[in-house]
There are 4 protein chains.
Amino acid sequence: MVRIMTIKVAINGYGTIGKRVADAVDAQDDMEIVGVTKTRPAFGCDLAVRKGYPIFCTYDDADRIAAFGAAGYTCHGGLSDLLEIADIVVDCSPGKVGASNKEKYESAGIKWIFQGGEKHAMTGNSYTSSANHTENLGVEGTRVVSCNTTGLSRTLVPLYEHCGSLSVECTMIRRAADPGDSSKGPINAIKPVLKVPSHHGPDVMTVKPEIQINSMAVAVPTTLMHVHVIVATLPEGHGLTTESVLSMWNARPRIVIMNGSETGITTTAEVMEFARDIGRKWGDLHEIFVWEDGVKLEGNTLYYFQAIHQESDVIPENVDAIRALMNTEPDWMASVAKTDAAISSYNHL
Amino acid sequence: MVRIMTIKVAINGYGTIGKRVADAVDAQDDMEIVGVTKTRPAFGCDLAVRKGYPIFCTYDDADRIAAFGAAGYTCHGGLSDLLEIADIVVDCSPGKVGASNKEKYESAGIKWIFQGGEKHAMTGNSYTSSANHTENLGVEGTRVVSCNTTGLSRTLVPLYEHCGSLSVECTMIRRAADPGDSSKGPINAIKPVLKVPSHHGPDVMTVKPEIQINSMAVAVPTTLMHVHVIVATLPEGHGLTTESVLSMWNARPRIVIMNGSETGITTTAEVMEFARDIGRKWGDLHEIFVWEDGVKLEGNTLYYFQAIHQESDVIPENVDAIRALMNTEPDWMASVAKTDAAISSYNHL
Amino acid sequence: MVRIMTIKVAINGYGTIGKRVADAVDAQDDMEIVGVTKTRPAFGCDLAVRKGYPIFCTYDDADRIAAFGAAGYTCHGGLSDLLEIADIVVDCSPGKVGASNKEKYESAGIKWIFQGGEKHAMTGNSYTSSANHTENLGVEGTRVVSCNTTGLSRTLVPLYEHCGSLSVECTMIRRAADPGDSSKGPINAIKPVLKVPSHHGPDVMTVKPEIQINSMAVAVPTTLMHVHVIVATLPEGHGLTTESVLSMWNARPRIVIMNGSETGITTTAEVMEFARDIGRKWGDLHEIFVWEDGVKLEGNTLYYFQAIHQESDVIPENVDAIRALMNTEPDWMASVAKTDAAISSYNHL
Amino acid sequence: MVRIMTIKVAINGYGTIGKRVADAVDAQDDMEIVGVTKTRPAFGCDLAVRKGYPIFCTYDDADRIAAFGAAGYTCHGGLSDLLEIADIVVDCSPGKVGASNKEKYESAGIKWIFQGGEKHAMTGNSYTSSANHTENLGVEGTRVVSCNTTGLSRTLVPLYEHCGSLSVECTMIRRAADPGDSSKGPINAIKPVLKVPSHHGPDVMTVKPEIQINSMAVAVPTTLMHVHVIVATLPEGHGLTTESVLSMWNARPRIVIMNGSETGITTTAEVMEFARDIGRKWGDLHEIFVWEDGVKLEGNTLYYFQAIHQESDVIPENVDAIRALMNTEPDWMASVAKTDAAISSYNHL
């Protein structure tokens, strides 16, 4: 029997997203982490050491590389050294350096994946498991879309596939800061994103161009999750009911549907507590959360809320994207099932 | 020359709304406060004493009335005594007692105004200055609609009047607690209102039935203002542009339009600071606030944000409603002008 | 060689504290969970099922017990049934029912542990690992002190043991709500606890009577951790320096000391992120967190800050308390080492 | 009868503090505003225009001055021009430019007042009405101490004057951002000020060197007020009781004492609502707020809480400082009474 080679994955940028992608990749049996990069020998290096991920410097500069050793960490070289031993690199750097990084990855002759902070125009391709796995099979590089686009695709793509057309208005109520970020506000205000319509919704069209979507956004003083307020207009003759929409979503992966009044899970605070209770690492919720009793189809208009865990819903999508680019699993549902089963193994329960 | 008699106004419930309505009425030259009610001799009585408003007890019970005297306040009697000397009563009680109060007002043979916490079904009429002043002329009683309905009417009614039809989806991002309320949360969460669509938007149809509107709502951890995210669909041939919509709103009262990037007023925190800076009592903003750079008309779809100061935007509407019911000013624009000019006299600048 | 019998532990109240204590007990090799109680077949039962903990009803009422079966859960009986098969019960019920529960435990002839929400006067004994393990050896029942008292004891007891006397003023800045509680406020206020001095500090004297301590408290709008601001007056001739105090604490268990400016961990947000990063289940931090650069000994006055993870710092203390009452481990440091090593096994890293 | 000349006051920096000082000065009959400075023709200029305060440019640069005219504001010149027509300048600039400004003021030969953001070492003198008015009579320049030092002095100085000595530990729970500042966090964290002891408390010694005081500070997610938690050690034989301390404070100006349980004013949210209710401009509270039921004298230790309205408690102190430096009122209590009576005239009630 032929054993597929283990895919060698580099993580460029071992921060909030990078550390999560690394663990998700590490949990898979068809891929492995060959190294993660840090700009300097800071606190995050300890995590890499605990996990056994080889540390590389984000830069090829000899002095910067040496600084790691001086701080007591083994540094295995610069980014170029890492790229040489990898089949694919997942770029989790803080953004704005995408274009110059892409050149390095292409020079190294390996495949590459950027995150949603980069623009589609730069990468040429975009990816989310539920929308366009097939279109990304074997391509040189892609962009895993943002947490918001990922979440929207999970509920909108099946609706689109059923209806054949779809028009959506989405209001995004965004958490204003990350849970570990104590510098950003506001403490007591609502901040509208005055660029109207916002860029968030239309980004869905980079993975499913047929869905018509606009969005507006506000930032609010919370650190837990984003909430999407969605009004979708279905075409005449859609044949759906509130119940059949819920059934459709229940049949799809990475959507958790719960009834708020029955479970007491009525806000994002209780959703996050639920994620901790079920033993999720970092308290993450890779799935989007839909309140069953907040879904209502009236005529052709479908109303619903969904909550998005910003730093984690894209994590399993990166794993699937690796398989798509390496062309090792053409079926998106099969990849998702494999990814999620492996990730579950590192949760507490 | 005939001098219109001064309208004698009773305020039943001297709390957050009642104290504001009292001052707004007191500032007018065609009406006066003949009394305000409190349930018991509590802290709020001091404000009434300072302003010179006669205090009455919410109940006719002799012991309860006597309790005021024991606490050092002059109490002029029970609610029945107050209703006897009034032409009209503005009910600012905390709600849920509307129906039984209405009976008392009708028995006393005076006109009455409820607030938006009561249902249209109970009052039969609803009122907001910009929508249906004429329909309320001379009626026995009405309901000044909620802060949200009031604010929505200010921008939607002129659009409707121009276009002849209008279809609206509104997402309401609500402050979860009043500024002086320290008991309610959430501290760090977003809470969707799972009743979908919410009751907030459709309430506009009680004052302007021709506007088609639905809404969804979330509560967020802030105490300052609500924000409405509005997507309005105009009929074909509307003939409007982003600029002409702004001009239309500028010509209407009680709408403040400012450019966020030019003024630095980019969140509800800065809006409220602006209200304090211009000397508004309690830091109130009776007007709704629209961000100029957050308005965008694309084809037939109009996108905009507006901020609502919950406890104050309905205050001048109560004054106008008094004139409508007493039939002393048939022209809504004239009443609004008179009301606002008088209120300005008690602001700081 | 004689093998100590496995201690059979019942958890009465499987909520925020109960679920954590259950998992900590379950991780030990010298004790096991024989059952947990729920008042009704609610969401929390699923967690018990996942973990394999037998479910019992908080009440002995047959109808209530049957309700679990109707909801699809296997219920093994009422509280009395559970107490019959246990050696010791950890009471994690929401409080105010302590006295009546104690009677049940005594009737059942088993040992019992209450939490800090109950009063010392009711239990007669109080316990925290670092202060009075020995005094609790073999007693019938005790109270594991509150999160605050537990945290204070960890840093103050070694100081007292070194100095022979100690006088302390502590200001407690309390998180106003639990992370999964979206109903409590304030959203934007500071709430002083007007009972002065507060009960929090003096509770330390239930486990170490020789420490003189008073406290004042405020609640603030955060859901993460409490912070203690401590001013300790050492006796003349204490012979300590800032550095030797830090060394003393470093040698004690369940104290994490980190430098804020070096690690960037400067607020409770980053502390909690650190707990998630190191893979702690629920993102818990059983240790108290002391900022190294916030410790300063000036003459006889020691200033420092410590952060307390409210729902988790008492968890390992309950395990130690079980051993103290069952008299299976007389050495507190040995018990702590055993407890913590076992708990680590269920963390992610 | 000789009429004292009206003191000509310049305000250098017309922002949060400057606009308040300007109005407070403007309300006095013995002083007048001769000009306020802005760095550029921004939104704040409108306020100056409404109030009739002449606008000057912070810089003497001709282009910058001309920019005001281009934006439609009359600019009367640069800072030098303003200083020429003033007797005294109140520096309300954002800080860090103190030293260079002082040179300009000295060159212009006029008196000057800085705010608490500048260091005592730079100004040589410090001022707060309740502590050292006499020591500032006729001096060339001084510094009105910070909101915290001002508030601490109000309650501590009378205690010191009674007792002859005083030793204080103060924990400051600071609002992390201004009410109109939406950029600063944290949203959900407590941030200790790791410099221990903090500089806040000892600053009291710049106005009353005999008081021994140390402090520690934390920032919390609120925008309303700071709260001080104070533990004061009185000397033996102090002869005070909780009641006599309250009487002492009641006899002093700018201290509001209210009972939390009787009034329902139990957090800073309700305190600020009270300030709005009594008609204070901007909702300011120039007084410090002490909870009567949070004061407790036990033996020689006095415990209490006080709340500080950051941007307003120093405002009347600036007016008093002007009189001290101009040597027009040697009696601090007389100046305070005059200042406060005049300010009341611009409040709503």
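In which loop of chain A does A:Arg254 lie? In this predicted model, A:Arg254 is placed in the loop between helix H9 (242–250) and strand E11 (255–258) of chain A, where phi of this residue is near 65°, a positive value in a residue other than glycine. Most residues other than glycine have a negative phi, and most peptide bonds are trans. A:Arg254 has 19 C-beta neighbours inside 10 Å and therefore counts as partly exposed, given that a residue is called buried at 20 or more such neighbours and exposed at 12 or fewer. A second positive value in a residue other than glycine is found at A:Trp282, with phi near 60°, and this residue belongs to the loop between H11 and strand E12 (288–291) of chain A. A:Trp282 is buried, with 24 other C-beta atoms within 10 Å.

Cis peptide bonds are described here for chains B and D. In chain B, such a bond joins B:Val196 and B:Pro197, with omega at about -15°, and B:Pro197 has its place in the loop between strand E8 (191–192) and strand E9 (212–220) of that chain. In chain D, D:Gly185 and D:Pro186 are joined by a cis peptide bond whose omega is about 5°, and D:Pro186 lies in the loop between strand E7 (167–175) and strand E8 (191–192) of chain D.

Chain A contains an open sheet of six strands in the order E3-E2-E1-E4-E5-E6, with parallel pairing. Strand E3 (55–57) and strand E6 (141–143) of chain A stand at the edges, each with a single partner strand, so that one side of each is left without a neighbour in the sheet. From one strand to the next, the twist averages 25°. At the E6(A) edge, strand E5 (residues 111–114) of chain A is joined to E6(A) by three bridges, the two strands running parallel, and A:Ile113 stands opposite A:Thr142 in E6(A). Helix H5 (residues 98–108) of chain A lies across strand E1 (7–12), strand E4 (88–91), E5 and E6 of that chain, and runs at about 165° to E5(A).

In chain D, helix H12 (residues 315–326) comprises 12 residues and reaches 17 Å from its first C-alpha to its last, which is close to the 16 Å expected at 1.5 Å a residue. Of these 12 residues, 11 are buried, so H12(D) is largely enclosed by the rest of the structure. The buried set includes D:Ile315, D:Val319, D:Ile322 and D:Leu325, and with them the charged residues D:Glu317, D:Asp320 and D:Arg323. Just after H12(D), D:Asn327 takes a positive phi of about 60°.

Between chains A and B, 34 residues of chain A are in contact with 34 residues of chain B. On the side of chain A that touches chain B, strand E7 (167–175), strand E8 (191–192), strand E9 (212–220), strand E10 (226–233), helix H11 (268–277) and strand E14 (301–308) of chain A each supply at least two residues. By class, this side of chain A has 21 nonpolar, nine polar and four charged residues. Chain A is superposed on chain B by a rotation of 180° with 0.0 Å of shift along its axis, at an RMSD of 0.0 Å. The same surface serves both copies, in that 100% of the contact residues of chain A recur in chain B. Of the residues of chain A, A:Pro221 comes closest to the rotation axis, its C-alpha being at 3.1 Å.

Between chains B and D, 25 residues of chain B are in contact with 24 residues of chain D. Helix H2 (45–51) and helix H11 (268–277) of chain B are the elements that give two or more residues to the side of chain B that touches chain D, and H11(B) contributes the largest share, five residues. This side of chain B has, by class, seven nonpolar, 10 polar and eight charged residues. A turn of 180° and a shift of 0.0 Å along the axis lay chain B on chain D with an RMSD of 0.0 Å, and the two copies are thus related as by a two-fold rotation axis. Here too the same surface serves both copies, with 96% of the contact residues of chain B recurring in chain D.

Note on methods. Residues are numbered from 1 along each chain as its sequence is written. Chains are lettered from A and ligands numbered from 1 in the order in which they are written. This is a predicted model: local features need pLDDT of at least 70, side-chain atom pairs count only at pLDDT 80 or more; totals for chains, interfaces and linings use all residues. Two residues are in contact if their C-beta atoms, placed from the backbone, lie within 7 Å. Helices (H or I, at least four residues) and strands (E, at least two) are DSSP runs, numbered from the N terminus. The expected span of a helix is 1.5 Å times one less than its number of residues. Copies are superposed by least squares on the C-alpha atoms of residues with pLDDT of at least 70 in both. Two strands pair if DSSP finds at least two bridges between them. Axes are lines fitted to C-alpha atoms, for helices over the stretch in contact, and angles run from 0 to 180 degrees between N-to-C directions.
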